[in-house]
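Visitor: I would like to look at how two parts of one chain pack together. Can you take me through it?

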Amino acid sequence: IILYDIRCFSVRAVSVFNVLRSLSAASHGLTDEQKEFQKVAFDFAANEMAPHMAEWDQKEIFPVETMRKAAQLGFGGIYVQPDVGGSGLSRLDTSIIFEALSTGCVSTTAYISIHNMCAWMIDSYGNKEQREKFCPDLCSMEKFASYCLTEPGSGSDAASLLTSAQRKGDHYILNGSKAFISGGGDTDVYVVMCRTGGKGPKGISFGKKEKKVGWNSQPTRAVIFEDCAVPVANRLGEEGQGFNIAMKGLNGGRINIASCSLGAAHASVQLARDHLLVRKQFGETLSNNQFLQFKLAEMATKLVASRLLIREAAQALQEDRPDAVAICSMAKLFATDECFNICNQALQMHGGYGYLKDYAVQQFVRDIRVHQILEGTNEVMRMIISRNLLSES
Amino acid sequence: MSGRVLVGVKRVIDYAVKIRVKPDNTGVVTDGVKHSMNPFCEIAVEEAVKLKEKKLIKEVVAVSCGPQQSQETIRTALAMGADRGIHVDVSGKDYENLGPLQVSKILAALAKQEDAQLILLGKQAIDDDCNQTGQMTAALLDWPQGTFASEVSLEGDKINLVREIDGGLEHIKINTPAVITADLRLNTPRYATLPNIMDSLMNNETELHKPNHRTSLCVGLIPLFETVAPEDMQGGTDRSGAMLRHTVLQSGLGLHTRSLVVFSIGIGKNKTKLGTV
């Protein structure tokens, strides 16, 4: 290949993330269709997201246009039914797509996954009018969504939430506040978990935009309800069904968040590998150092293990297997922990350079650190798994 | 006018891959290496799909010559908006010998069979950089050619073309049917959308052709050249190198930018083998 051709392609960002052979376990065992989905997602991540990931992080930009481009490809409602604008794909297809997108920007992909979760909840539990009113705009990302469960006083103990909804005629009046809402203040549709029965003041307002260690391409704010009137027609499902719906949404959400961790780890291993082949100390490249070779091997092994567990969980959820909840929790627990360690070790392998914001690896570390906390802390994951195990006897 | 466009798509090693030479030096490692559609072929597919969207042509048919895996490349073309795919099955030794002349013959035969109005190709493939297939196909069909196209517009039964040439931009007008080869700035290929991928794979319209099949294309795939290593020589003085260079310069054999002259000089007696690629 003559060199001038490579310069011609400077127009398109060079994607190194999908080249590594042993880690192309990313495409092993996939159907032809899934390989095509993955290819589109990797290309989109490399061309549309990766070049901007540092800027979105530093300037805290919520990349509306890029996300709408993603929605045009069908990424706005991946597992939403096609009759309301979704792509109608499986949980496994979704996991593959988010894993690939995450190599471009974890924070933005994580937000897209939250948006997808909300769209799915309305698609699955909404009535005909609700589905037709909300889903098409969400699938095209004409409107963006936020998932509001956590409150200042109830995080892991979600069932103790206090936001109340008091019925007045054909409206519910909401009072209370939600904390750490991704997209809060910049999104259009809020899926709010609240307690029917309550009291209250006026409307919906937002707290200050939080300053975070990572996830900076999406705004996080408290959402405050004061006598906020919401039409009864906007209630998803029956009264009292809310907690159930919220938890079902989270099962898929956990697979998605774990998939985002996977993408970051995949990208970090490639970055570490490339660095080891280039950086020289003591007269030879770092790749000749046995400790680093072994470390890289361990990282790759944990990556593949995480990927297999996530894909198994996606299958289980798709098939509605009895172990689906437990295995989704296991996948989230294992993958988010292991992938964070992988990214962290990749940073270590970069030495001092890894600590500089000029290098992407630190952003992967910062962005996925929160995956061990949200969508159910990894401690809560252990609660769910142990409860599942102990109740079987 | 059938309104049918044939687009040639080639499966090549992905441009981001680091190429490695095989241990036996017969070529590059392709096993297990990521392959994708030649970038210039992507641009050609995009142009064809755009013409169809403007309703200037009726059908886009993607063609690929190669082994079973070439069907992946056709699939990508279908996902981008092509209507049909034709896989000309060439495997094994035949595939190793498949070069521009053979592909041009196949494309010419297919163009006649499909009654194509236009053939769109990438200007060159990034693995061999031959930049010959478009030109040869046009010659075999005796059709006009518009190569290195950076702008294409159809005007009735003629095509207005802007070509990127060494001196700048050339504007030409050619008749149809014609062969056009796409250059980098012709367009920016679209991403396949999830619905398109699903539709294209469900319909799965890929015909299989074998080049020597009697009812099919009747194209002979005769290898054009063979690469051999020079025999091992005994030791001796290295005079032949300087002598050879002198002879070459005297004969006025200029070195053009597009041709590669490979010398394989044995050290010692007058045993030199000259190969031109």
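Guide: What follows is a set of questions and answers on a domain interface in a predicted model.

Visitor: Where does domain 2 of chain A lie in the sequence?
Guide: The assignment splits chain A into three domains. Domain 1 covers 32-144 and domain 3 covers 241-390. Domain 2 covers 147-234.

Visitor: What area is buried between domain 1 and domain 2 of chain A?
Guide: The C-alpha centres of these two domains of chain A lie 23 Å apart. In contact are 24 residues of domain 1 and 17 residues of domain 2. Carbon and sulfur atoms give 62% of the buried area. The total is about 1,800 Å².

Visitor: Which three residues supply 28% of the area that domain 1 of chain A buries against domain 2?
Guide: No other three residues supply more of that area. They are A:Glu60, A:Phe62 and A:Ser107.

Visitor: Which side chains meet in a salt bridge, and at what N to O distance?
Guide: The rule finds one salt bridge across this interface. A cut-off of 4 Å applies between nitrogen and carboxyl oxygen. The pair is A:Glu60 and A:Lys209, at 3.2 Å.

Visitor: How many residue pairs are in polar contact between domain 1 and domain 2 of chain A?
Guide: The count takes pairs with both residues at pLDDT 80 or more. N or O atoms must lie within 3.5 Å. The result is eight residue pairs.

Visitor: Which helix of chain A gives the most to the side of domain 1 that touches domain 2?
Guide: Helix 3 (53-59), helix 6 (106-125) and helix 7 (128-139) each supply at least two residues. By class, that side has 16 nonpolar, three polar and five charged residues. The top contributor, with ten residues, is helix 6.

Note on methods: Residues are numbered from 1 along each chain as its sequence is written. Chains are lettered from A and ligands numbered from 1 in the order in which they are written. This is a predicted model: local features need pLDDT of at least 70, side-chain atom pairs count only at pLDDT 80 or more; totals for chains, interfaces and linings use all residues. Side-chain values use heavy atoms; hydrogens and water are left out. Domain bounds come from an automatic or database domain assignment. Contact means heavy atoms within 4.5 Å. Buried area is the accessible area (1.4 Å probe) that two parts lose on being put together, summed over both. A polar contact is a pair of N or O atoms within 3.5 Å; within protein, one must be able to donate a hydrogen and the other to accept it, and residues adjacent in sequence count only if both atoms are side-chain atoms. Helices (H or I, at least four residues) and strands (E, at least two) are DSSP runs, numbered from the N terminus. Ala, Val, Leu, Ile, Met, Phe, Trp, Tyr, Cys and Pro count as nonpolar, Asp, Glu, Lys and Arg as charged, and the others, Gly among them, as polar.
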